[in-house]
Amino acid sequence: MTEVSSETRFLHAIEMGLGAWQWGDRIIWQYGNTYNESDIHKAFSISLDEGIQFIDSAEIYGRGLSERLLGRFISETEQPVLIATKYFPYPWRLVSASIPKALKNSNQRIGVDSVDLYQVHWPTPLMSVDRMMDGMIECVRSGLTRTVGISNFNQSQMLAAYSALARQNIPLASNQVHYSLLNRSAEKSGLLARCKELGVRLIAYSPLEQGLLTGKYNRSNRPPGTRASTLSDLLPKIETIIKLMTAIGQDHGGKSNSQVALNWTICKGTLPIPGAKNARQAQENAGALGWKLTAEEVAKLDETSDQIFSM
């Protein structure tokens, strides 16, 4: 394994963060309908109180509202906050200079001069990885961000980004991908192992599979909004793994399904960033810390997860 760079070491010391996708998103998460700014502020405060200080946002979350909310909350606390956000490669801004410009706008919305981690949200065939990394290199050199990462990059794209940055002596800090008990493609493809080999932190988004792994949804009780259609195929298949997580949770003093699911991602060597729309969810997330599944429990969860996708 490559020795972790001193610049990116802080990411490897973080067990879990807080995802801010839900902050301001009306289309998927129905912000303003079932929860509001006050609810999110409580989730933010409780997360900090529980030692969860890494907050991951993006310019497209809530069309910038997620970043603005994060900025408001940060301005009202004296606790340290580690800030991550992302650049989205819209078709009309595909030159490398558009990346530092986008980060300046993000920093302005958040109310900071520099963030801790800046990530390319998605790769695109319209912009080469080298060109993207040229923009990210400029972000580091101009002091707009402490470190740079990528998101949703496959193994070959990640290696191209890693190499482009390495030529300028800048480490690739992270690759943020969809990873959960119900989506293990990062593990199956070898991406997770390659991240570990290169000292790149794999950040796991949707570690609770948009609520499916909490156990509160089933065939007769579907998630609200667009999630009902996008996740409906999985609902009939997850009963076995929900039962297993419940049993494992009982063996650990009554841990919930979501806490078991999050702990599993931590045991796999990833940094999960579950969302939280309110105080209860933030407290629930925090309960995944301070204990560990046994190797046997991880193996049983792996086995049951594999069975879901062989159905």
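Let's start with strand E3, residues 82-87. Five of its six residues are buried, so E3 is largely enclosed by the rest of the structure. Keep in mind that what we have on screen is a predicted model.

So who are the neighbours of E3? On one side there's strand E2, residues 54-56, and the two strands pair in the parallel sense over three bridges. If you want one spot to look for, find Phe54, which stands opposite Leu82 in E3. To get from E2 to E3, the chain goes through helix H3, residues 65-75, and this β-α-β crossover is right-handed.

Then there's strand E4, residues 115-120. E3 and E4 are also parallel, with four bridges between them. Here you can look for Tyr87, whose bridge partner in E4 is Val120. The chain travels from E3 to E4 by way of helix H4, residues 98-110, and that β-α-β crossover is right-handed.

A quick reminder if sheets are new to you: strands of a sheet pair through backbone hydrogen bonds, either parallel or antiparallel.

Now zoom out. Where does E3 sit in the whole sheet? The sheet is open, it has eight strands, and the order is E1-E2-E3-E4-E5-E6-E7-E8, with parallel pairing. At the edges you'll find strand E1, residues 18-19, and strand E8, residues 271-272, and each of those pairs on one side only.

Let's go back to those two connecting helices, H3 and H4. How do they pack? Their axes are 7 Å apart, at an angle of about 45°. That angle makes H3 oblique to H4. At the contact, Glu67, Arg68, Gly71 and Ile74 come from H3, and they meet Ser106, Arg109 and Ile110 in H4.

H3 is worth another look. Eight of its 11 residues are buried, so the helix is largely enclosed by the rest of the structure. Among those buried residues are Leu65, Leu69, Leu70, Phe73 and Ile74, but you'll also spot Ser66 and Glu67. What do the buried residues of H3 pack against? They pack against helix H2, residues 37-49, plus E2, E3 and H4.

Okay, let's walk along the sheet to strand E6, residues 172-178. This strand is mostly covered, and the count is seven buried residues of seven. E6 pairs with strand E5, residues 145-151, in the parallel sense over three bridges. One pair to click on is Val148 and its bridge partner in E6, Leu172. From E5 the chain runs through helix H6, residues 155-166, before reaching E6, and once again we have a right-handed β-α-β crossover. E6 also runs parallel to E7, and five bridges join the two. There, His178 has Tyr205 in E7 as its bridge partner.

Just after that, in the loop between E6 and helix H7, residues 185-188, sits Arg184. Buried or exposed? Arg184 is buried, at a relative accessible area of 7%. Its side chain reaches the backbone oxygen of Asp302 at 3.0 Å. Leaving aside residues up to four places away in sequence, Arg184 touches Tyr179, Trp264, Lys268, Asp302, Ser305 and Asp306.

Some of those partners take us to helix H13, residues 295-308, which packs with helix H10, residues 239-251. The angle is about 170° and the axes are 9 Å apart. H10 and H13 are therefore roughly antiparallel to each other, since an angle over 145 degrees counts that way. From H10, the residues in this contact are Thr240, Ile241, Leu244, Met245, Ile248 and Asp251. Across from them in H13 are Glu297, Lys300, Leu301, Thr304, Ser305 and Ile308.

Last stop: the loop between strand E7, residues 201-205, and helix H9, residues 227-230, where we find Ser206. Most residues other than glycine have a negative phi. Ser206, though, has a positive phi, near 50°. Ser206 counts as buried, because its relative accessibility is 11% and the cut-off is under 20%.

Glu209 lies in the loop between E7 and H9 as well. What is its phi? Near 50°, a positive value in a residue that isn't glycine. And Glu209 is buried, with a relative accessible area of 5%.

That's my tour. Thanks, everyone!

Methods
Residues numbered from 1 in each chain as written. Predicted model: local features only at pLDDT ≥ 70, side-chain atom pairs only at ≥ 80, totals over all residues. Heavy atoms only, no water. Buried < 20%, exposed > 50% of the residue type's maximum accessible area, 1.4 Å probe, protein only. Pairing = 2+ DSSP bridges. Right-handed = clockwise from strand over helix to strand, strands pointing away. Polar contact = N/O pair within 3.5 Å; in protein donor to acceptor, adjacent residues only side chain to side chain. Contact = heavy atoms within 4.5 Å. Axes fitted to C-alpha atoms, helices over the stretch in contact; angles between N-to-C directions. Parallel < 35°, antiparallel > 145°, perpendicular 65-115°, else oblique.
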